[in-house]
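Please read through the two-chain structure below, beginning with how its chains meet and ending with its largest pocket.

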Amino acid sequence: MKVIVNNQMLRLFSGARVRDAVSHFAEQYGDRMPESPCTVTDEDGHPVSANGRLSENDKIIIKPQKS
Amino acid sequence: MRPFKTLLFALVAIVLFSCSNRDGDHDNTARIAILHTNDMHASLKEMPRLAAYKKEMENKYDHVILISAGDIFSGNPVVDFYKEKGYPMIDMMNRVGYEISTIGNHEFDYGQDIMRQRMKEANFKFICANMDAGDAMIPQPAPYTVIEKENIKLFFLGLLELGNEGLPSTHPDKVKGIRFSDPLKAAGEYAHLEGFYNAFIGLTHLGYETDKRLAKTYHQFDAIIGGHSHTLMEEPEVINEVLLTQAGDDLEFVGKLVLTFTKGELTDRSASVINLKEHDSSDRELEELVRGYQNNEALSRVIGTAAGPITGKEELGALFTDAQCAMHGLDFSFQNRGGIRIHKIPKGPIKVKTVYALDPFGNELIRYNMSSAEIRSLIRYSFNRHDNIDLIMGGGSYTVRINKEDKLQDIIIRDQSGNALHPDSTYSVGLNSYVASSYQFDHKDEGKSLYVTTAQNIIDFIRQQDTVDYSGANRVAVE
């Protein structure tokens, strides 16, 4: 299934969770990963947890955690 | 007498004021607080704080209703391996006073027989409008429920997400005999009831994006309380005049949706989330009960026997991969060495907690259909990534040929009978979700989760085998 992470389309297995999308993004676009610690939100800015299940065309954003 | 009458009047006024100092208790106004949790995944730890918080809200609002948006099970070995699987969660939810839970995809995880027993023990109602239990073992849940407080009727419609194959995110075997229908279409069958109730609420396990589509389609909802995507909505969203909210996961937060009714009409809505970890008060009796559950023997339960010590990555990796192939009928399976977190399982009884120490990450098993060339690309990537053998194989073996500079030259893969793989054949291959998501390899098939953790897989396999022996198992060679 297709999931969009930081505006990059990723192809993931169906049933993937947020944590899988983050791993995939880190592997493919390591230079674009924000510095740790990070937080993940949906496109409306709501935090999503690592075990949240993703659906086709979901968009998530990885960004640095606010201090 | 006049001073006495004045004093008496003042005293009566004080008494009347004290009785009606809860919000909304005047001018035919009622304020109802709907406390909601979602995706608790068998987390018990903050139940005592939730109970205390609910009690406090009962002093503040005219009425308080506590509900769940699904996925109450799976995710805490203490509950998942309790002798009556899942029972501690039902017990705690009964004691804290839940009134409704929509069915989530993980409610099916323990199997239908256990799900049926747990549903029977619940003092709260399970709802789901887009499932037909048919001849399955579980009882047919009601599509909706109505809670009435002081002549105010609140309608709650239950909806469950479906994946691309028209089933919820669980192993297909767990939902045999159950038919599911599109949740948005199912919602349409009830939208006409909106006018009969003071509030019309979706209690959904759809995920936030689908909740948005539901709101755009049906303005009839006054609110949608969601789950499944584990979204923490510190502020609600309002779409098409429908308020959307969701409260994170793992019982770290509780959502509070406050509905104000004036002469029976809904005149105000507000939503927030409360961090239970930061809430000071806690129910002491429930703390004691939770401690009792956390200290139970579930993790020390023996699931089988190791005929001899299982030592090192090759032998332990063989256990991982054999479990995956055997339990899911896969041709091959691969486990990365980095995911094997202990050095040895000693000879003798194997306990649940040993498997969780061996495999603590909560990775799920992912199935691919792959050609031999694609399997080769996976092994090549893993070898180059680690400059060494990384993946242990199940269902067969492989040899990596390297040159004098230690550069990979060739990969020879054989099945269990020692035969080379056919270039035109497709094979079913299992990978854990970490390898599936972070290793770069060729695969036309996008893959799909089997919705079981690799740890659970190992536990099921050892139980099935009763005795396991991996002495000398070594399925990978370098030439």
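A salt bridge is taken here as a side-chain nitrogen of Lys or Arg within 4 Å of a carboxyl oxygen of Asp or Glu. The model is predicted, so to speak of local features requires pLDDT of at least 70, side-chain atom pairs count only at pLDDT 80 or more, and totals for chains, interfaces and linings use all residues. Residues are numbered from 1 along each chain as its sequence is written, chains are lettered from A in the order in which they are written, and side-chain values use heavy atoms, with hydrogens and water left out.

By that rule, five salt bridges cross the interface of chain A and chain B, among them the one between A:Arg53 and B:Glu364, whose closest N and O atoms are 2.7 Å apart. On the side of chain A that touches chain B, helix α1 (residues 18–28) of chain A gives the largest share, six residues, and the residues of this side divide into five nonpolar, nine polar and eleven charged; here Asp, Glu, Lys and Arg count as charged, Ala, Val, Leu, Ile, Met, Phe, Trp, Tyr, Cys and Pro as nonpolar, and the others, Gly among them, as polar. Contact (heavy atoms within 4.5 Å) joins 25 residues of chain A with 37 residues of chain B.

Turning to the pocket, 41 residues line the largest one, and B:Ser74, B:Gly75, B:Asp109, B:Val452 and B:Thr453 lie nearest its centre. A pocket is an open set of points on a 1 Å grid over the protein atoms alone, where a 1.4 Å probe fits, with protein on both sides within 12 Å along at least five of seven lines, and lining residues have an atom within 4 Å of a point. The lining divides into eleven nonpolar, 16 polar and 14 charged residues.

Definitions and conventions:
Helices (H or I, at least four residues) and strands (E, at least two) are DSSP runs, numbered from the N terminus. Grid points are joined across faces, edges and corners, and a volume is the space filled by probe spheres set on the points.
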